[in-house]
Amino acid sequence: MKVLRIVANIQAPDIAKAKRFYQDILGLDVIMDHGWITTFGAACSMNVQLSIASEGGSGTEVPDLSIEVDNLDAAFQAMSDSGFPIEYGPADEPWGVRRFYVRDPFGKLVNILVHKN
């Protein structure tokens, strides 16, 4: 047996609010929409990872999701301009990432990051 996919599920009373954060700002596509569940994704292959943590690093809270982007400054500016609350960073971390934390429309703490190498 091998794992084929891992999907993060976020409970939300108003799924439409996800569009602004995950589609409009982060650029994910709607790949499934049944009305009661909408799945955002990308048409490229990605590594499957599941992290278990006792803290978020640098003394921060453990984020609910981590999303790696290709341009952290653009993501930070878009989130800031859209009024989503930035909770940490941007910060250059000693383990080789630059990141910031932001709350999505449902209160989930999202770690937006880029690897510096």
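Which residue takes a positive phi in the hairpin of strand 1 and strand 2? That residue is G35, with a phi near 90°, in a hairpin that has 4 residues between the strands. Strands here are DSSP runs of E with at least two residues, and helices are runs of H or I with at least four, numbered from the N terminus.

Welcome to this predicted model, in which local features need pLDDT of at least 70, side-chain atom pairs count only at pLDDT 80 or more, and totals for chains, interfaces and linings use all residues. Residues are numbered from 1 along each chain as its sequence is written, and side-chain values use heavy atoms, with hydrogens and water left out.

Strand 1 and strand 2 run antiparallel and pair over 4 bridges (pairing needs at least two DSSP bridges). Within this pair, D29 faces G41 of strand 2.

Now to the interior. The largest nonpolar core has 18 residues; such a core joins buried Ala, Val, Leu, Ile, Met, Phe, Trp, Tyr and Cys residues through side-chain atoms within 4.5 Å. Buried means under 20% relative accessible area (1.4 Å probe, protein chains only). These elements each supply at least two core residues:

| Element | Residues |
|---|---|
| Helix 1 | 17-25 |
| Strand 3 | 65-68 |
| Helix 2 | 72-81 |
| Strand 5 | 97-103 |
| Strand 6 | 109-115 |

Helix 1 gives the most, with 4 residues. Its buried residues are A18, F21, Y22 and I25. They lie on the same side of helix 1, because they cover an arc of only 130° around the axis, taken from the directions from the helix axis to the C-beta atoms. After helix 1 comes G27, with a positive phi near 80°.

Key. Buried means under 20% relative accessible area, exposed over 50%, partly exposed in between (1.4 Å probe, protein chains only).
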